[in-house]
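Thanks for asking me to look over this one with you. Here are my notes, written so you can follow along with the structure open.

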Amino acid sequence: MKNNALNTKWLKGFISNLLEKKSIDEVVETAKKSELKKTLSAFDLIILGIGAVVGTGIFTIIGSAIVGGPEGAGAGPAIILSMVLAAIASIFSALCYSEIAAMIPIAGSAYTYTYVTMGEFMAWLVGWILMLEYAIGNITIASAWSGYFAQFLKGFKHVLPDFITNFPIWLRNDFRSITIMCDKYGFDVHDKVPFLFDKIPFAINLPAIFIVVILTLILVKGVRESTRFAGVMVAINLFIISTFIVVGANYVQPENWTPFMPNGFSGVVMGAFLIFFAYIGFDAISTTAEETKNPQKDIPIGILGTLCICTVLYIGVALVLTGMVPYKLIDIQAPIAHAMHHVGKDWFAGFISAGAIAGLTSVLLVYQLGTVRILYAMSRDKFLPRNLRAVNRKTRVPNLLTWVCGLVVIIGSLFMDLNISAELCNFGTFTSFIIICIIVLILRKTDPDRKRPFKVPFVPLFPILGIVFCGGLIIFSLKTLKTSSVLFPIWIIIGVMIYFAYGYRAHRNKNQKR
């Protein structure tokens, strides 16, 4: 009987620990004492948001969303409907993000918001899912950046040596991508990739490693300097995208829009699922709350402003792209540049490749910034080693954590497949968006009198619609995305194992030392 009583007491204490919450007042007070420097305005946040959302959707994933892939049908010209569907799903989540981020202005985004509403264990899982979004998403972008950079160099084939403009594919791709390429074109992989000891393939994505190192060096200089750099990249990006829409409109052939919905509604839904990969940019804005001058006002402006601007640009590019090129002929790797090649404007294709490099560079920067800020919040709560949260006194940046995140992306870019990593990132994004909508419903019930600088209209309808749209897209995608739908639960299981092996005990030790 005594043992049973002890076991029951231990179990109750264990469950109580898993459900332990932080108070909102405690979190807000922590933000006020933050070591991070408050330098960002609403304009800066919109720049960061556009930098993350526009470059990702237009330069990496729009081709796959139109044409389709091995595990999913494409939307064809109906990609416009996919974008509208993705925007509708996003607006409800964006409104929920705006309310919570304005009310709880602290680094950590959905991780911190979950901590104050659902407890410690769920907060860890959400933080782990956010790592999937940012770290895996950044690997995807780094791989795409490498492809555009290689294309850009080819434009200088009459100026630079051939070993620079056409350097070997094993120096700019992971081995899995090279294998797929060789199978597609009937090449012998042994002719394209060197093998160590005739058994171990050697492939390394040098351009991806190069850009990640450069951006990490910029990030450790300070968030203000990083935002200025992102602003320059975004300006170049917007100029080139706008120019593509204006110039490309002259080559639109309406017959290319038929059949409008070649794969039916399923193609439209899968297109929306893939395009959603870009909307992680909203979460990236909320991760900078501790570095925003007036987060209660500026974060909602940043999030909603980003959504409106990016949706308009997406639809404009989709209309022109599918009107210029028959949807089956659209290139998945570099759709915008290829479209200009298709109409004989080779010089403009090179121009677009330069813009793609700028756009993807800003995406990499913002994703890396978001990764560091979320891990910083988790480290501050002692779920991760204490040394990771050390902040440089001069730049007010967690330097060690910034370099660790850069190293993770470099290692991942050596073997991660672009499409699979994008799909995995999507599962993480949808899950975090659903949780944000749930959090709004919980806080409206448990803390109705707290001041809300921004309020989601029509509660509970809007948060419920956000849950329905995002949940529906996840369920529909599970029917076709076999690989990523298996890897996502594996990622969750790994996160649970790390929590119980390290995070749970480390957090208890923190409480005992108080």
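The points below go through the core, the enclosed spaces, one helix, one loop residue and a pocket.

1. A word on the source before anything else. This is a predicted model, so please read each point below as a description of that prediction.

2. Let's start inside. The largest nonpolar core takes in 158 residues. If you want places to begin looking, Phe59, Ile79, Ile104, Phe244, Ile275, Tyr279 and Ile352 have the most contacts inside this core.

3. Phe244 is a good one to click on. Leaving aside residues up to four places away in sequence, Phe244 touches Ala249, Val317, Val320, Leu321, Met324, Ile336, Ala339, Met340, Phe348 and Ile352. Ile352 thus appears twice in these notes: as a contact of Phe244 and among the residues with the most contacts in the core. There is also a second, separate core of six residues, including Ile178, Cys182, Val189 and Val193.

4. Next, the enclosed spaces. How many cavities of 30 Å³ or more are there? The count is two. The largest has a volume of about 50 Å³. It is lined by 10 residues, and Lys22, Ile106, Tyr111, Thr112 and Asp381 are the closest to its centre.

5. Which helix gives the most to the lining of that largest cavity? H5 does, with three residues. Helix H5 covers 110–115, and helix H16, covering 346–380, also supplies at least two residues. By class, the lining of the largest cavity is made up of six nonpolar, one polar and three charged residues.

6. The second largest cavity holds about 40 Å³ of space. Its lining consists of Asn138, Val212, Leu215, Thr216, Leu364 and Gln368. Helix H10 (206–219) and H16 each give two or more of these residues, with H10 providing the largest share, three. Here the classes split into three nonpolar and three polar residues, with no charged ones.

7. H16 has now come up for both cavities, so let me give it a point of its own. This helix has 35 residues and runs 51 Å from its first C-alpha to its last, close to the 51 Å expected at 1.5 Å a residue. Is H16 mostly covered or mostly open? Mostly covered: 30 of its 35 residues are buried. Just after the helix, Lys382 takes a positive phi of about 65°.

8. Pro460 sits in the loop between helix H18 (418–446) and helix H19 (461–477). Why does Pro460 count as partly exposed? Because its relative accessibility is 44%, and the partly exposed class runs between 20% and 50%. Pro460 and Ile104 are 356 residues apart along the chain, and 20 Å separates their C-alpha atoms.

9. Last, a pocket. The second largest pocket has a volume of about 510 Å³. Of its 23 lining residues, Trp128, Ala135, Ile136, Val408 and Trp491 are the closest to its centre. H16 turns up here as well: helix H6 (120–154), H16, helix H17 (399–412) and helix H20 (482–513) each give two or more residues to the lining. By class, the lining of this pocket has 21 nonpolar and two polar residues, and no charged ones.

Conventions: Residues numbered from 1 in each chain as written. Predicted model: local features only at pLDDT ≥ 70, side-chain atom pairs only at ≥ 80, totals over all residues. Heavy atoms only, no water. Core = buried A, V, L, I, M, F, W, Y, C linked by side-chain atoms within 4.5 Å. Buried < 20%, exposed > 50% of the residue type's maximum accessible area, 1.4 Å probe, protein only. Contact = heavy atoms within 4.5 Å. 1 Å grid on protein atoms, 1.4 Å probe; cavity = no way out; pocket = protein on both sides within 12 Å on 5 of 7 lines; lining within 4 Å. Points joined across faces, edges and corners; volume = space filled by probe spheres on them. Helix = DSSP H or I, 4+ residues; strand = E, 2+ residues; numbered from the N terminus. Nonpolar A, V, L, I, M, F, W, Y, C, P; charged D, E, K, R; others polar. Expected span 1.5 Å × (residues − 1).
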